[in-house]
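The following exercises ask the reader to work through side-chain interactions, burial and disulfides step by step. Each task is followed by its solution.

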Amino acid sequence: MKSGNGKCDCGTCKCNEEYEGSACQCTKSIKSCLNSRNNVCSGRGTCVCDICQCTNGYQPPFCEICPGCEMPCEKYAPCIECLYFKKSSLLKECEANCHNLNVTVVESLRKENLCKEKDSENCLMSFILNENDGVDLYSATVLNYRESTITSMENNH
């Protein structure tokens, strides 16, 4: 063993307690894996040798960004309808089905990354999803009113 941080036993390295890696070359630190909110690899990876090993298309250094992932606007539309507008067939199961979504209501939204989805009454709900640390956890900023799909279509012509 070249690192001197453990002992070889039958071809396998047995690392001293504070070291890890195939040759005990890494300290067991997570310091470089902590994001600005002090979460290891944003809850979407593991810290190996003080470097995030990200899952599901997320990228180092902190597994915060997933360039190929789409925002799940359509998936969360029923939760937006249920949690804020208090409509939907999900109303009874709303809290259980939508526990991973925090909702904030505003009077206006910026245009970038805007989700516009139809609700059960064929109105358009506008909201922005922001991914929180962890897997499938979001915060939604919701416009405080719905739009008629007829008005919206007329404005597009």
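**Exercise 1. Determine whether aspartate 119 is buried or exposed, and identify its salt-bridge partner.**

Step 1. Aspartate 119 has a relative accessible area of 8% and is therefore buried; buried means under 20% relative accessible area, exposed over 50%, and partly exposed in between (1.4 Å probe, protein chains only). The model is predicted: local features need pLDDT of at least 70 and side-chain atom pairs pLDDT 80 or more, while totals for chains, interfaces and linings use all residues. Residues are numbered from 1 along each chain as its sequence is written, and side-chain values use heavy atoms, with hydrogens and water left out.

Step 2. The partner is arginine 146, whose side chain meets that of aspartate 119 in a salt bridge with an N to O distance of 2.5 Å. A salt bridge requires a side-chain nitrogen of Lys or Arg within 4 Å of a carboxyl oxygen of Asp or Glu.

Step 3. The two residues belong to distant parts of the chain, 27 residues apart: aspartate 119 lies in the loop between strand S8 (115-118) and S9, and arginine 146 in the loop between S10 and strand S11 (147-148). Helices (H or I, at least four residues) and strands (E, at least two) are DSSP runs numbered from the N terminus.

Step 4. Arginine 146 is partly exposed, at 24% relative accessibility. Arginine 146 also lies over the face of phenylalanine 85, at 5.6 Å from the ring centre; the criterion is NZ of Lys or CZ of Arg within 6 Å of the ring centre and within 35 degrees of the ring normal.

**Exercise 2. State how many salt bridges there are, and describe the one between aspartate 133 and arginine 37.**

Step 1. The count is eight salt bridges.

Step 2. In the pair of aspartate 133 and arginine 37, the N to O distance is 2.8 Å. This pair spans 96 residues, from the loop between strand S4 (26-27) and strand S5 (45-48), which holds arginine 37, to the loop between strand S9 (123-131) and strand S10 (138-143), which holds aspartate 133.

Step 3. Aspartate 133 is buried at 16% relative accessible area, whereas arginine 37 is partly exposed at 44%.

**Exercise 3. Identify the buried residues of helix H1, and find the aromatic partner of tyrosine 76.**

Step 1. In helix H1 (residues 73-83), the buried residues are Cys73, Tyr76, Ala77, Cys79, Ile80, Glu81 and Cys82. Their cover includes helix H2 (94-97), strand S7 (101-106), S8, S9 and S10.

Step 2. Two aromatic pairs are found in the whole structure. In one of them, tyrosine 76 and tyrosine 138 are tilted, 5.3 Å centre to centre with 55° between the planes. Rings of Phe, Tyr and Trp (its six-membered ring) pair if their centres lie within 6.5 Å; planes under 30 degrees apart are stacked, over 60 edge-to-face, and the rest tilted.

Step 3. Tyrosine 76 is in helix H1 and tyrosine 138 in strand S10, 62 residues apart. Tyrosine 76 is buried at 2%, and tyrosine 138 is buried at 7%.

**Exercise 4. Determine which element supplies the largest share of the largest nonpolar core.**

Step 1. The largest nonpolar core has 17 residues, and Ile80, Leu101, Phe127 and Leu129 have the most contacts inside it. Such a core is a set of buried Ala, Val, Leu, Ile, Met, Phe, Trp, Tyr and Cys residues joined through side-chain atoms within 4.5 Å.

Step 2. H1, S9 and S10 each supply at least two residues of this core, and the largest share, six residues, comes from H1.

**Exercise 5. Explain why the disulfide of cysteine 15 and cysteine 24 is left-handed, and why cysteine 13 is not bonded to cysteine 8.**

Step 1. The structure holds nine disulfides, a disulfide being a pair of cysteine sulfur atoms within 2.5 Å. In one of them, the sulfur atoms of cysteine 15 and cysteine 24 are 2.2 Å apart.

Step 2. The torsion about the S-S bond of cysteine 15 and cysteine 24 is about -95°, so this disulfide is left-handed. Cysteine 15 is partly exposed at 29%, and cysteine 24 is buried at 0%.

Step 3. For cysteine 13, the closest cysteine sulfur is that of cysteine 8, and the 3.9 Å between them is too far for a bond. Cysteine 13 is partly exposed, at 23%.

Technical notes:
Contact = heavy atoms within 4.5 Å.
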